[in-house]
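The following account considers one helix, its surroundings and the charged pairs of a protein. Please keep the sequence and the model at hand while reading.

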Amino acid sequence: MMLEGKHIGFGLTGSHCTYEAVYPQIEKLVDAGAKVTPFVTYTVENTDTKFGDSADWLTKLQGITSEPIVNSMVKAEPFGPRTPLDLMIISPMTGNSISKFANAMTDSPVLMGAKATLRNQNPILLGISTNDGLGLNGVNIMRLMATKNIYFIPYSQDDTEKKPNSLVSHMDLLLPAASAALNREQLQPVLAQNAEK
């Protein structure tokens, strides 16, 4: 893998139910020798849910990466001109953030980090988690898939009975997808086997 010595931004958005699957992948990035700078949205920073308190998730994140958490637009902006990232990962990425990113709306530290990385023509890797990926957000996902330097962790439907429009990335494929993105390649197949339990 091409991860050792790379500076990776890792953005988390508000798909709280997905953090348990994502945090072990952040640990693996660090273990592989990458410098990981965490970026969080305001929702991640301020919302307590049945999946855990925001303060606990942030403390755990800080313990994994040891890098300061980027939690404001002011802190995120320098990752364009002064501190370029080799790769920006956003995982989980909600439908709300997918829609904003696809339509150039930069209103969170995570999306500012992504915009800064695209400005430097470096790769972005998205791990989607959205209940309307096969609904209204489908067009936004396809727009991002067709955009230069944007790559996806392979994804599939996660509950065809109760949530037929829902798409979730297979987070266990994050590391190979990151290595592929650093090589300017999309890990295939991007449409993975359904993740239903």
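In this predicted model, a convenient starting point is Ala-104, which lies just after helix H5 and takes a positive phi of about 60°. From Ala-104 the reader may step back into the helix itself. H5 spans residues 95–102 and is mostly covered, with 6 of its 8 residues buried. The buried positions are Gly-95, Ser-97, Ile-98, Lys-100, Phe-101 and Ala-102.

Several elements provide this cover. Among those that cover the buried residues of H5 are three strands, namely E3 (87–93), E4 (124–130) and E5 (150–152). Helices H6 (109–119) and H7 (138–145) also contribute to the covering of these residues.

One of the buried residues of H5, Lys-100, carries the discussion to the charged pairs. Side chains of opposite charge can pair when their charged atoms come close. Lys-100 forms a salt bridge with Asp-107, and the closest N and O atoms of this pair are 2.7 Å apart. Lys-100 counts as buried because its relative accessibility is 19%, and the limit for a buried residue is under 20%. Its partner Asp-107 has a relative accessibility of 34% and therefore counts as partly exposed.

How many salt bridges does the structure hold? There are 2 in the structure. Besides the bridge between Lys-100 and Asp-107, Lys-163 pairs with Asp-158, with the closest N and O atoms 3.3 Å apart. Lys-163 is partly exposed, as its relative accessible area is 32%.

Conventions
Residues are numbered from 1 along each chain as its sequence is written. This is a predicted model: local features need pLDDT of at least 70, side-chain atom pairs count only at pLDDT 80 or more; totals for chains, interfaces and linings use all residues. Side-chain values use heavy atoms; hydrogens and water are left out. Buried means under 20% relative accessible area, exposed over 50%, partly exposed in between (1.4 Å probe, protein chains only). Helices (H or I, at least four residues) and strands (E, at least two) are DSSP runs, numbered from the N terminus. Contact means heavy atoms within 4.5 Å. A salt bridge is a side-chain nitrogen of Lys or Arg within 4 Å of a carboxyl oxygen of Asp or Glu.
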